[in-house]
Amino acid sequence: MSKTYKFWFVVGSQFLYGPEVLETVEKRAREMAEEMSKRLPYALEYKVTAKTNKEITDIVKEANYDDTCAGIITWCHTFSPSKMWINGLVNLQKPYCHFATQYNREIPNDEIDMDFMNLNQAAHGDREHGFIAARLRMPRKVIAGYWQDEAPLKRIGDWMKAAVGVAVSKSLKVMRFGDNMREVAVTEGDKVEVQTKLGWQVNTWAVGDLVKEMNAVTEAEIDALMDVYTAEYDIATDNIGAIRYQAREEIAMKKMMDREGCLAFSNTFQDLYGMEQLPGLASQHLMAQGYGYGGEGDWKVSAMTAIMKAMGEGGNGASAFMEDYTYHLEAGREYSLGAHMLEVCPSLAGSKPRIETHHLGIGMNEKDPARLVFEGKAGPAIVVSLIDMGGRLRLIVQDIECVKPIMEMPNLPVARVMWRAMPDLATGVECWITAGGAHHTVLSYDVSAEQMKDWARMMDIEFVHITADTTVDSLEKELFLNNLAWKLK
Ligand code: MN
């Protein structure tokens, strides 16, 4: 779904150096966009060598209205006087990256003369271009480096994915079945504020409508989905009826979401009227297909899951709804254990998931729900929580190191992930709690904290990052200053 997005390459210049220079600039800019596109996750399309206020204003208008344009990347091959950029940039509604590069890698010792200097003056032009964005207080990403090198291309690619997260966010619809879990505070939020700021359309559908849709699912449809389950997972239960029931739930939820254009959903174990099982496997397999999910009516984490999945590898990466459950506090081996009562996305799995059925005491389940059970894979990751501070949204990101769970936990009937929070478990927990982070998070192996920072900047929301270097003192100071700054904004 995200594969249709493109980025536009807008190159700054001016008339001062004559038509020949402009022809060369355009030829090179086309070549660069084509070559970079081959190594970037999304196409970079050369659009214009901008020399006038009108050209820049026109290309910005066009970008704003083109749904396939997920952002613009600018660069100044020559000097591009920046007053001509003002009228365009103040109206720009798309993510903006300034790539400070130049066509040639090296200064040619024999060839260099004043003509060469006038043509190849990105070091000069990019500073003028940078000033105007700073002067206009524009949210932007600045990336410097040679355009054929791996490092800057990787950073542009990462930024592109964050910008796709912006596009997905702005058109995101969330389907809620039931309200938030009674009395829970952190999963609440101002849906008008969220729609204004992030674009999310968060609305509710009756559980009764879902039950009606489930009753209309045919046995043939269930057979077809059972074939998919059998191919992707090990069936480790004799209770095939429970799996078929989950298939029925999945098909019905998918039909309703697709009909409404929703890419995320939430439900709650407190409202399953007319259903035999809380959707477990059903929600897990929907997440595996890129849909966001949040338990206990947590539509914020559901939306963030959908967005971060879209930002991940191939437009559906290893990001999942997660919940902090319990700690292992043995000295020197301190870990968090994350899981959920059923719904952990198999994109986190370290090996082939098993379908199991077990009794679920919590909620209104009449029968044992089927769910996928697996261990999460090892590796660096992040956990992300979006909270509503009243008047503003705060995005909290913490660096973590996932490990293969240090014990088998044979009686734990759910998928599980184990990790070490940064900077260490106790400090990490103190920081997380000080910042107000939720027990629900999106855990991601393939979206970075820098991408989430870029996303938060493009969305104009507060960003807090807990790293290996964070102390409680430094975080408290940052939160205090953030409170002041966001009051002024
Ligand atoms: Mn939960």
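Start by selecting methionine 117, which you'll find in helix H4, spanning residues 114–119. Keep in mind as you click around that this is a predicted model. With a relative accessibility of 41%, methionine 117 counts as partly exposed. Now add Ile107, Ile112 and Met114 to the selection: together with Met117 they make a nonpolar surface patch of about 400 Å².

Next stop, the metal. Select the manganese ion and show the side chains of Glu296, Glu323, His340 and His440, which coordinate the ion at 1.9 to 2.2 Å. The glutamates bind through OE atoms and the histidines through NE2. Along the chain, the donors follow the spacing E-x26-E-x16-H-x99-H. Zoom in on two of these donors: glutamate 323 sits in strand E11 (residues 319–330), while histidine 340 is in the loop between strand E12 (333–339) and strand E13 (354–357), so this pair ties together parts that are 17 residues apart in sequence. Are they buried or exposed? Glutamate 323 is buried, at 10% relative accessible area, and histidine 340 is buried too, at 1%.

Now switch to charged pairs. The whole structure holds 31 salt bridges, and a few make good stops.

Pick glutamate 35 and lysine 38 to begin with. Their side chains form a salt bridge with an N to O distance of 2.9 Å. Color by accessibility and you'll see glutamate 35 as partly exposed at 34%, whereas lysine 38 is exposed at 63%.

Then move along to glutamate 45 and lysine 47, another salt bridge, whose closest N and O atoms are 3.3 Å apart. Here glutamate 45 is partly exposed with a relative accessible area of 25%, and lysine 47 is partly exposed at 28%.

For a bridge that reaches across the sequence, select aspartate 460 and lysine 197, which meet at 3.2 Å, N to O. Aspartate 460 is in the loop between helix H14 (449–459) and strand E19 (462–466), and lysine 197 is in helix H7 (residues 191–198), so the pair ties together parts that are 263 residues apart in sequence. Aspartate 460 is partly exposed, at 32% relative accessible area, and lysine 197 is also partly exposed, at 28%.

Last selection: which residues does a network of salt bridges link? Show Lys141, Arg155, Glu450, Asp454 and Arg457 as sticks, and you have the linked group on screen.

Methods
Residues are numbered from 1 along each chain as its sequence is written. This is a predicted model: local features need pLDDT of at least 70, side-chain atom pairs count only at pLDDT 80 or more; totals for chains, interfaces and linings use all residues. Side-chain values use heavy atoms; hydrogens and water are left out. Patches are made of residues with over 30% relative accessible area and no salt bridge: like charges are joined within 9 Å, nonpolar side chains (Val, Leu, Ile, Met, Phe, Trp, Tyr) within 5 Å. Accessible areas come from the Shrake-Rupley method with a 1.4 Å probe; for residues, only the protein chains shown count as cover. A salt bridge is a side-chain nitrogen of Lys or Arg within 4 Å of a carboxyl oxygen of Asp or Glu. Helices (H or I, at least four residues) and strands (E, at least two) are DSSP runs, numbered from the N terminus. Buried means under 20% relative accessible area, exposed over 50%, partly exposed in between (1.4 Å probe, protein chains only). Donors are N, O and S atoms within 2.8 Å of the metal (3.2 Å for Na, K and Ca); water is not among the atoms, so sites may look incomplete.
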